Amino acid sequence: MPQLPAPDYPAEVRARLEADAREVIARYPDSRSALLPLLHLVQSEEGHVTRTGVRFCAEVLDLTTAEVTAVVTFYTMYRRKPSGDYQVGVCTNTLCAVMGGDAIFEELQRHLEVGNGETTEDGKVTLEHIECNAACDFAPVVMVNWEFFDNQTVDSAKRLVDDLRAGRTVEPTRGAPLCTYKETARILAGFPDPRPGAVEAGGAAGPASLVGLRLAKGESAPGRVVSPRSSGAPSDEPPASHPSSHDAPRRTSASDPQHPSGPVTEEGE
């Protein structure tokens, strides 16, 4: 059965959101461009994009609900069901995965008794695996409401989610202090962050990520990185040759007379 039209917001909520929406729309020459921040705005109201939120965005931007829904369902940053106060995202892309991200994600699922995209019974934590956070210098990385928690281990990640559920203060490794998901959504909608010191608390990239930028600026190359597993100073001697199956010489009919493949001919002959 087709769904009935979504209910509207209560009058006072609608009036407040309309005032905010006018401020957002005024930033763009084409009102349609305001859709992404407006979706963050309605997400800040209820913690996810409801059918009522979709209706609101469609009405203030003169779009169809189908057009708005197409955007909501395309971007994973928009939730489509009730979720927790803290979105805990474990990077499971290549580098974080091999450095321990996969193990962290598996253990947090067991520890919290939730699956990917699910929320704990107390409504505090929503766990999900996420793609690259562009923080490979600090792998494995966990993000809480898009703030960085670098160089995590299974034990530190478990303490992190336990502290979030207990209401204890949690400080990101770098970047702004932690706030709730609804507060984060309003900031992503483009409204000022009112918390003291939050704007100044920027999270810089790590040294390895900035090498190319420094070389482009004419700065000298950084010192060589030495693996903590190796001993002694770095050596300029080339590593011992150990060709893989991809770069080792292969026997052919020309080099291996014992296995001739017949004369080489042009294609079609």
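Start by selecting Asp85: its relative accessible area is 34%, so Asp85 counts as partly exposed. One thing to keep in mind as you click around is that this is a predicted model.

Now add Lys124 to the selection. The side chains of Asp85 and Lys124 meet in a salt bridge, with N to O at 3.9 Å. Zoom out a bit and check where the two partners sit. Asp85 is in the loop between helix H4 (65-72) and strand E1 (86-91), while Lys124 is in the loop between strand E2 (118-119) and strand E3 (125-130). The pair links distant parts of the chain, 39 residues apart. Like its partner, Lys124 is partly exposed, here because its relative accessible area is 28%.

Next, select Asp8, Arg14, Glu18, Arg55 and Glu59 together. Salt bridges that share partners join these residues into one network. Keep Arg55 and Glu59 highlighted and hide the others for a moment. This pair forms a salt bridge, with the closest N and O atoms 2.9 Å apart. Color helix H3 (residues 51-61) and you'll find both of them on it, four residues apart, which is about one turn of the helix. As for cover, Arg55 has 25% relative accessibility and so counts as partly exposed. Glu59 is partly exposed too, at a relative accessible area of 40%.

Move on to Glu45 and Arg16. What do their side chains form? They meet in a salt bridge, 2.9 Å from N to O. Glu45 lies in helix H2 and Arg16 in helix H1 (residues 11-25), so the pair ties together parts that are 29 residues apart in sequence. Switch on the surface and look at each end of the bridge: Glu45 is partly exposed at 23% relative accessibility, and Arg16 is partly exposed with a relative accessible area of 40%.

If you feel like hunting for other pairs of this kind, the structure holds 13 salt bridges.

Last stop: stay on helix H2 (residues 35-46) and pick Leu36, which has its place there. Is Leu36 buried or partly exposed? At 32% relative accessibility, Leu36 counts as partly exposed. Leave the surface on and add Phe74 and Tyr75 to the selection. Together with Leu36, they form a nonpolar patch on the surface, with about 300 Å² of accessible area between the three of them. Leu36 can join such a patch because patch residues need over 30% relative accessible area, and Leu36 has 32%.

Technical notes
Residues are numbered from 1 along each chain as its sequence is written. This is a predicted model: local features need pLDDT of at least 70, side-chain atom pairs count only at pLDDT 80 or more; totals for chains, interfaces and linings use all residues. Side-chain values use heavy atoms; hydrogens and water are left out. Patches are made of residues with over 30% relative accessible area and no salt bridge: like charges are joined within 9 Å, nonpolar side chains (Val, Leu, Ile, Met, Phe, Trp, Tyr) within 5 Å. Accessible areas come from the Shrake-Rupley method with a 1.4 Å probe; for residues, only the protein chains shown count as cover. A salt bridge is a side-chain nitrogen of Lys or Arg within 4 Å of a carboxyl oxygen of Asp or Glu. Helices (H or I, at least four residues) and strands (E, at least two) are DSSP runs, numbered from the N terminus. Buried means under 20% relative accessible area, exposed over 50%, partly exposed in between (1.4 Å probe, protein chains only).
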